[in-house]
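Reader: I would like to learn how to read the features of a model like this one, step by step. Where should we begin?

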Amino acid sequence: MNVIEIKNLTKMYGKARGIENVSFNVEEGEIFGFIGPNGAGKSTTIRTLLSLIYPTSGSAAIFGKDIITAAPEIKKDIGYLPSEVFYYDNMKVIDLLKYSASFYKKDCTKRIRELAEIMELDLTKKIDDLSLGNKKKVGIVQGLLHEPKLIILDEPTSGLDPLMQQKFFDLLEKENKKGATILFSSHILSEVQRLCDRVAIIKDGRIVTVEKISTLKENTYKKFKVETKSEIGMEHFNVEGVNQLEKDGSTISFLFRGNINSIMKKIAEIEIANIWVEEPDLEEIFMHYYERED
Amino acid sequence: MNIFKREMKANRKSLMIWSIGVIFMVASGMGKYSSLEGSGQSMNALMADMPKSMQAIMGTGSLDLSSPIGYFGVLFLYLAVMAAIDAAMLGANIISKEERDKTVEFLLVKPISRTSMINSKLLAALVNILIFNLVTFASSVAMVGKYAEGDDVTGEVTTLMIGMFILQLIFLVIGTAIAAFYKNAKKATSLATGILLFLFILSIAIDLNEKLDGLKYFTPFKYYDAKYILNEGGFDSLYLGLSALLILTLSIVTYVFYRKRDMNI
């Protein structure tokens, strides 16, 4: 079942582009990454899903219900963490969380304590006395306190120190195991790589690709570096799927995409001293997608 | 109900300051009456000798300044202006502040519709202006009563305060309609008070220049004129109708535009 279904969603700000023809689905129970550089349209897509802004054309459904007409109902089961958290300044943390909880028809007191403990958040402080990172923690607790079925995170890690990020990711994985679906928007690839099952890459307001993280990696090249015992001509590796072939003394390096067996056979034909095979990280894949589009 | 409670709490301080302000205004305004009291009819004569423009600015005209309630009629104009400023700012602020402070990303992802959000906020604003009005009413009855020496002024003050409440309602929805229509949340409040100031100056200009008399329908400050209310003992039904029309239209504008438009985050 699809928790989020987006069909040709377009949002224009006057003549300026927001997003164009964005379509993708997020399945129940998955952690879905939404990745792209700043200004690509991630927040616009998310804010449209939350009906903070309305689409110019196209439509989207969450839990099978239209995002505009069924908005209040859908939001019972959504937890949202915005990229920048802003709250009513003269409130204490606990008051804000209670205010937030009061919108959901269930008792969240226990859950608030639990989450605050995990995130090491002082509930008695005033919100305007909090640092950026601590405000973010308030946002995290606030977004999760009603045990939502869908968690939408917009650049959630900014302001959190690495230790807290780790705790936060653990928390998300736990929520996910309990059945929550997560839409995770970010421009940092390593965190998406760690958490997500599938990812949509957005660029200039358009979806470039939607792929499984594993497929993304499979479908791309591997980096080979071969050190030979005796110097051989690099034409040996000049076969299909190889590019950026380079030779430096007895070391030959190249990128390969295709059936791994064919290149292994090629390597087996010669006497080698050492070999390095490297998986490109998402960063490189990402750049690759971006360059290809240009 | 939670938004209503939250708004009541958020506006508590400002309501208290306005209430103290209006009590002070009534007390000090009526306090000046005691110094006039001795001069009796001569005050009326003095006023009548003044040029019409001076009378207009003072807001006197045909009010009997020698009676406490007549004198209060002059003061009423300023109380009404205060109440209107409070209402307009409150209306513009209560809607626009969520965008201005970017808390709209918190509030509108909760399981509530924009309509129910406005309902709660309007209700809170309504209670706020009602309290303002009751404070003004109570302090006025007390202060005017003190000088009226036995004459019961509650009836007249009540009528004046009902007029003031309708005026407050009009400016409240002017505020909310501007905040709902206007995307720039930071400027909504200043625009609302700007419009109020313009309407107030217009009402004085109409007093100063008879040629402008036709414009009186355009400024709500002319609708609830103390002279008319005290002399006739009630309201002009044309103005009542106009008020109802304004309040209704601007309420609809508030709901329709706020429901339709993109939040400015």
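Author: Let us begin with the lining of the largest pocket, to which H3 of chain A and, from chain B, helix H1 (2-10) and helix H2 (12-37) each supply at least two residues. Please keep in mind throughout that this is a predicted model.

Reader: Which helix gives the most to the lining of the largest pocket?

Author: That is H1(B), with five residues.

Reader: How is such a space found, and what volume does the largest pocket have?

Author: The general idea is that a probe the size of a water molecule, rolled over the atoms, shows where empty space is left. In this model, the volume of the largest pocket comes to about 530 Å³. It is lined by 15 residues, and those closest to its centre are Met91(A), Asp95(A), Arg6(B), Lys9(B) and Ala10(B).

Reader: How do the residues of that lining divide into nonpolar, polar and charged?

Author: Eight residues of the lining of the largest pocket are charged, four are polar and three are nonpolar.

Reader: Let us turn to the two chains. How many residues of each are in contact?

Author: On the side of chain A there are 25 residues in contact with 24 residues of chain B. Between chain A and chain B an area of about 2400 Å² is buried, and carbon and sulfur atoms give 60% of that area. Of the area that chain A buries against chain B, 31% is supplied by Leu52(A), Tyr88(A) and Phe103(A), which is more than any other three residues supply.

Reader: Which polar links should I look for between the chains?

Author: One kind to look for is the salt bridge, in which a side-chain nitrogen of Lys or Arg lies within 4 Å of a carboxyl oxygen of Asp or Glu. Two salt bridges are counted between chain A and chain B, and in a salt bridge with an N to O distance of 2.4 Å the side chains of Lys11(A) and Asp262(B) meet. There are also 14 residue pairs in polar contact between chain A and chain B, counted with both residues at pLDDT 80 or more. As for the side of chain A that touches chain B, its largest share, three residues, comes from helix H3 (residues 93-101) of chain A, and by class that side has 15 nonpolar, five polar and five charged residues.

Reader: How many salt bridges does the structure hold over all chains?

Author: Over all chains the structure holds 22 salt bridges. One of the pairs is Arg111(A) with Glu175(A), whose closest N and O atoms are 2.6 Å apart. Because Arg111(A) lies in helix H4 (residues 109-118) of chain A and Glu175(A) in helix H6 (residues 162-177) of chain A, this pair ties together parts that are 64 residues apart in sequence.

Methods: Residues are numbered from 1 along each chain as its sequence is written. Chains are lettered from A and ligands numbered from 1 in the order in which they are written. This is a predicted model: local features need pLDDT of at least 70, side-chain atom pairs count only at pLDDT 80 or more; totals for chains, interfaces and linings use all residues. Side-chain values use heavy atoms; hydrogens and water are left out. Contact means heavy atoms within 4.5 Å. Buried area is the accessible area (1.4 Å probe) that two parts lose on being put together, summed over both. A polar contact is a pair of N or O atoms within 3.5 Å; within protein, one must be able to donate a hydrogen and the other to accept it, and residues adjacent in sequence count only if both atoms are side-chain atoms. Helices (H or I, at least four residues) and strands (E, at least two) are DSSP runs, numbered from the N terminus. Ala, Val, Leu, Ile, Met, Phe, Trp, Tyr, Cys and Pro count as nonpolar, Asp, Glu, Lys and Arg as charged, and the others, Gly among them, as polar. On a 1 Å grid over the protein atoms alone, a cavity is a set of points where a 1.4 Å probe fits but cannot get out, and a pocket is an open set with protein on both sides within 12 Å along at least five of seven lines; lining residues have an atom within 4 Å of a point. Grid points are joined across faces, edges and corners, and a volume is the space filled by probe spheres set on the points.
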